[in-house]
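My notebook is open and I want to look up a few spots, one entry at a time. Here is what I had on screen.

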Amino acid sequence: MGHLCGAGGGAGGCGRCCRLGVVEAATGAAIANSDAFKASVANVVTAIRTKAPAARIVVTGYPLLFWENTSGVNPKYTWADEVNDQTVVLNDVIETVVLANGARFVDVEDDFAGHGIGSPAPWINDFRWLSSRNAFHPNSAGYVAYAGAIRGILAG
């Protein structure tokens, strides 16, 4: 979804592509809440536990990709709030399933707060035509934040 909608984003939206992105985000929440998705997450934890019974299994959540101003708006992507809302749903489902299956969950939403795309100091790479492979993924500061959050869980 992101790589398509990011291509023409702007304060006024990019038209059909962004509207489809919001529909896909809503569909994503329905998929995340599906029994099939929950079973898939549980199966991954079970498979790891089977192969490495003594392993400490840690699953990370997703950061909210987009910074929103005090009005709850991202100045570049009009659909950013919907993507962030659906990311919360996804994280909640993953956390519930992971914990129910004996693994640990790292919630990075607070760690990344204020550092989404569009913020003064983003930890997520925005879409750029010449470097689209990294789009909507953490930059080096974001990976440092992920590492710190994981270390915190492992130490506790």
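**Entry 1: Val 45.** I started with Val 45, which has a relative accessible area of 2%. Buried means under 20%, so Val 45 is buried. I should jot down that this is a predicted model, not an experimental one. Val 45 has its place in helix 3. Which residues does Val 45 contact, if I leave aside neighbours within four places in sequence? I got Ile 57, Val 98, Asn 101 and Ala 103. Asn 101 caught my eye, as Val 45 and Asn 101 are 56 residues apart in sequence. In space, their C-alpha atoms are 6.9 Å apart.

**Entry 2: helix 3 against helix 4.** Next I looked at how the helix of Val 45 packs. Helix 3 covers residues 35-51 and helix 4 covers residues 80-100. Their axes are 9 Å apart, and the packing angle is about 45°. That angle makes helix 3 oblique to helix 4. I also checked the handedness, and the crossing of these two helices is right-handed.

Which residues meet there? From helix 3 I wrote down Phe 37, Lys 38, Val 41, Ala 42 and Val 45. On the helix 4 side they meet Leu 90, Val 93, Ile 94, Val 97 and Val 98. Sorted by class, this contact has nine nonpolar residues, no polar ones and one charged one. The charged one is Lys 38. So Val 45 turns up again here, as part of the helix 3 side.

**Entry 3: Asn 91.** I stayed in helix 4, where Asn 91 has its place. Is Asn 91 buried or exposed? Its relative accessibility is 1%, so Asn 91 counts as buried. I then asked what its side chain does, and found a polar contact with the side chain of Glu 109 at 2.7 Å. Not counting residues up to four places away in sequence, Asn 91 touches Gly 61, Tyr 62, Phe 105 and Glu 109. Glu 109 is therefore on my list twice, as a touching residue and as a polar partner within the 3.5 Å cut-off.

**Entry 4: Phe 112.** I moved on to the loop between strand 2 and helix 5, where Phe 112 is found. Phe 112 is buried, with a relative accessible area of 2%. Leaving aside neighbours within four places in sequence, I listed its contacts as Pro 63, Trp 123, Ile 124, Gly 142, Ala 145 and Tyr 146. Phe 112 and Gly 142 are 30 residues apart in sequence. From C-alpha to C-alpha, Phe 112 and Gly 142 are 7.5 Å apart in space.

**Entry 5: Ser 119.** Ser 119 is found in the loop between strand 2 (104-106) and helix 5 (140-155). Ser 119 counts as buried, at 9% relative accessibility. How far is the backbone oxygen of Gly 116 from a polar atom of the Ser 119 side chain? I read off 2.9 Å. Not counting residues up to four places away in sequence, Ser 119 touches Trp 67 and Gly 114.

**Entry 6: Phe 136.** One more look at the loop between strand 2 and helix 5, where Phe 136 is found. Phe 136 has a positive phi of about 65°, although it is not a glycine. I noted why that is worth writing down: most residues other than glycine have a negative phi. Phe 136 is buried too, with a relative accessible area of 13%.

**Entry 7: stepping back.** Last, I looked at the whole protein chain. How many helices and strands does it have? I wrote down five helices and two strands. Along the sequence, the pattern reads α-α-α-β-α-β-α. The protein chain has 156 residues, and 33% of them count as buried. I also looked up contacts between residues at least 6 apart in sequence, and 61% of these join residues at least 24 apart.

Technical notes:
Residues are numbered from 1 along each chain as its sequence is written. This is a predicted model: local features need pLDDT of at least 70, side-chain atom pairs count only at pLDDT 80 or more; totals for chains, interfaces and linings use all residues. Side-chain values use heavy atoms; hydrogens and water are left out. Axes are lines fitted to C-alpha atoms, for helices over the stretch in contact, and angles run from 0 to 180 degrees between N-to-C directions. Helices (H or I, at least four residues) and strands (E, at least two) are DSSP runs, numbered from the N terminus. Angles under 35 degrees count as roughly parallel, over 145 as roughly antiparallel, 65 to 115 as roughly perpendicular and the rest as oblique. A crossing is left-handed if the near helix is turned anticlockwise from the far one by less than a right angle, and right-handed if clockwise. Contact means heavy atoms within 4.5 Å. Buried means under 20% relative accessible area, exposed over 50%, partly exposed in between (1.4 Å probe, protein chains only). A polar contact is a pair of N or O atoms within 3.5 Å; within protein, one must be able to donate a hydrogen and the other to accept it, and residues adjacent in sequence count only if both atoms are side-chain atoms.
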